[in-house]
Amino acid sequence: MNETATAKLTAGNETALTPPSAKREPVEIEQVGRKRVDAYQWMKDENWQQVMRDPSVLREDIREYLEAENAYTKAALEDPTDSLRETLVSEMRGRIKEDDSSVPAKDGPYAYYVRYREGGEYPILARKPAEQAFETDAPETVLFDGDKEAEGKSYFSIRGLDQSPDHKRLASAIDTQGSEYYTISVRDIETGESIGAPIEGTYGSFEWGADSNLLYWVERDENGRPTAVFQRNLSTGEDVEIYREEDPGFFVGVGKSESEDFIFIETGGHTSGEVWFFPADAAAPEPALIAPRRDDEEYSVVHWDDAFYILTNADGAVDFKVMKAPIDNPGREDWEEVIPHRPGTLVLGLDPYKDHLVRLERANALPRIVVRERADGNEHAIEMDESAYDLGLGSGEYESTIMRYDYASPARPDQVFDYDMATRERVLRKTREVPSGHNPDDYVVERIMAPAWDGETVPVTILRRADTPVDGSAPLLLYGYGSYGITIPASFSTSRLSLVDRGFIYAIAHVRGSQAKGYQWYLDGKLEKKDNTFKDYVSAGRYLVEQGYGAEGRVVGHGGSAGGLLMGAAANMDPEMFGGIIAAVPFVDVINTMSDDSLPLTPPEWPEWGNPITDEAAYDTIMAYSPYENVGDKDYPAMLITGGLSDPRVTYWEPSKWAAQLRNEAPDAGPYYLRINMDAGHGGSTGRFEGLKETAIEYAFALASVGLVDDYDISRSASEAE
């Protein structure tokens, strides 16, 4: 869309209505005997690590370019849809219970919960006496007031809040930049006074020792990687290193067993790792190794029934099995099989209680909860009835027979149940309230299997209004991700109702690269098989169009992060299918990112994408699909591309370079709107209502790209706009 066409849409600054033209400074890069040219490498500030910590030091020419892009997006997209966006925000906010509260979770003498005040952006952590957990008028103690803590800060992210075992202290991990460098602080609950100096520049992961005077925390190194566990003595303020990881491809985390008897240190990459442990009451711990790391072998550990129970894919157990090991000799040679590998049934996790072991597993692309009794090993499952739904395990006391779980479907708001594993009785503790009203029967949820390009079938979750026809007349939003084994849940979202109620059909394609159909489904969508992810998505979209769930040119693609990579690849493969694409913080500069081993996530992600620094085949595979390198003169749809200046996961220059490349190579297509949040990182705005404004921009774009915004034309070319 040229300036003349854009000017028809909105009055305002003529300069802002002209898409920025980024300067081109070609740089030739030679690698594994191959050469490539990057014309926009200049957008990566040489001082990028400091920019992550302090965005104000961004190089001036880069800042000017990003601000010009934001000005163009505001003038050409945001301002003309201002009234619609206000309506969308009002609708979405009207579906949120502003003074909401979580179901209290008992922990010793107290029940802890999170609540929000009317109009509040951030959570309040509070507690009441455990025996009055479900009494609304029980006396309350506020432990942390997020709204007060966030005052005067443009960005405020809470990574963790956790009370000490003696319930006298509270530790918090807070990021005020969006860079994911968290400051850990400890305060006295009764007096509110700080205990010792804060711990700066951490990963945000921490765990209490048994005596409430020791805190274990994870350090970020100079490249932003979580590499070491330290013990902070709150009496002396001394930090002692407990564990350090030397492999830059392995990230470190720390946690406590549900029994509270052990501290676990987990270190690993995407497909391998190992676990160390020590008693939680140790004053000077010496971590012991459970089993040494092996390539392409994963395991995780829980403490139950005086043993370690190990979830692992060892010995070809693709969908994982459960093993048992003695605490005093937990090596592989003493592992004993408890639950064998069952191909097609993926075990997702274990949750131990004193007399029961709960596991969450997925079969036929749907989750279920299975309860195992300690006394006799008998098991029973908690089955659900809807065709697509989401299940999650909640918090519970280790000594109790009560297990908490969450249930939702795309049409049915979240419900929280307390389930007695001994009597098999359940109590509904809460149903998510939608203040403006919601009737699940007004909507239809479907799970279909779309034929893929190679004979496989791709699960697709669909939400639509019952009165929305399936005849090709409705616009379709197709969401996708498909990396790291992450499976997008069939959950409930009040926000997406603003699209569905306007006639959109909303679909999620559970493509290869996720674990929707088991762990093999993930393995078949990574490394040299990554192309399967993109082909699955396009195949699912084309099948939905054939079946009347959409029409060519009226499909809106939506994905973020690695899902943004999916959007870029799908746009290159089949641009004609789309009317618009929303690529949120898109990972589109794959070859350059995976070739920069100084970036925080690069070494740990080589098992996911391949290492193009040393591997010719990996280089060729990535170059064949990387969206930035494969932009051509194609009939691309309108695109909304977003990023965050302090994002350490998908750095700001990836979406910025891609937008510039699209404009240079396909200037008559689009338009392309780049929006960089100058005050946030990977997740965008952190406040619950501020985040709605970003969602409203995305949804206004989606509606405009299929012609559903009055007096606004977001045509795919200048000639069409004219």
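The exercises below work through strands, a sheet, a crossover and two buried residues of one predicted model.

Local features need pLDDT of at least 70 in this predicted model, side-chain atom pairs count only at pLDDT 80 or more, and totals for chains, interfaces and linings use all residues. Residues are numbered from 1 along each chain as its sequence is written, and side-chain values use heavy atoms, with hydrogens and water left out.

**Exercise 1. Strand S19 and its partners**

Task: Find which strands pair with S19, and state how many of the residues of S19 are buried.

Solution:
- Step 1. Strands and helices are DSSP runs numbered from the N terminus (strands: E, at least two residues; helices: H or I, at least four). S19 covers residues 307-312.
- Step 2. Two strands pair if DSSP finds at least two bridges between them. Strand S18 (residues 299-304) pairs with S19 in the antiparallel sense over six bridges, and Tyr299 stands opposite Thr312.
- Step 3. Two residues lie between the strands in the hairpin of S18 and S19, where Asp305 takes a positive phi near 55°.
- Step 4. Strand S20 (residues 321-325) is also antiparallel to S19, with five bridges; here Met323 is the bridge partner of Ile310.
- Step 5. Buried means under 20% relative accessible area, exposed over 50%, and partly exposed in between (1.4 Å probe, protein chains only). Six of the six residues of S19 are buried. Ala307, Tyr309 and Leu311 are on one side, with Phe308, Ile310 and Thr312 on the other, and both faces are covered.

**Exercise 2. A sheet of four strands**

Task: Give the strand order of the open sheet that contains S26, and name its edge strands.

Solution:
- Step 1. The order is S26-S27-S28-S29, with antiparallel pairing.
- Step 2. S26 (390-393) and S29 (426-431) each pair on one side only, and these are the edge strands.
- Step 3. On average, neighbouring strands of this sheet are turned by 25° against each other, direction ignored. Axes are lines fitted to C-alpha atoms, for helices over the stretch in contact, and angles run from 0 to 180 degrees between N-to-C directions.
- Step 4. Strand S28 (residues 415-420) is joined to S29 by five bridges; one bridge pair is Phe417 with Leu428.

**Exercise 3. A crossover**

Task: Trace the chain from S34 to S35 and give the hand of the crossover.

Solution:
- Step 1. S34 (residues 555-560) and S35 run parallel, joined by six bridges. Gly557 has Ile581 as its bridge partner.
- Step 2. From S34 the chain goes through helix H9 (residues 562-573) to S35, a right-handed β-α-β crossover. Right-handed means that, with the strands pointing away from the viewer, the path from the first strand over the helix to the second runs clockwise.
- Step 3. S35 is also parallel to S36 (residues 638-644), with five bridges, and Ile581 is the bridge partner of Met639 there.
- Step 4. Seven of the seven residues of S35 (578-584) are buried.

**Exercise 4. Two residues**

Task: Decide whether Ser272 and Leu544 are buried or exposed, and list contacts of each.

Solution:
- Step 1. Ser272 is in the loop between S15 (262-268) and S16 (273-279). Ser272 counts as buried because its relative accessibility is 13%.
- Step 2. Contact means heavy atoms within 4.5 Å. Leaving aside neighbours within four places in sequence, the contacts of Ser272 include Phe250, Arg294 and Asp295.
- Step 3. Leu544 lies in helix H8 (residues 531-546) and is buried, because its relative accessible area is 0%.
- Step 4. With neighbours within four places again left aside, contacts of Leu544 include Ile448, Val460 and Tyr549.
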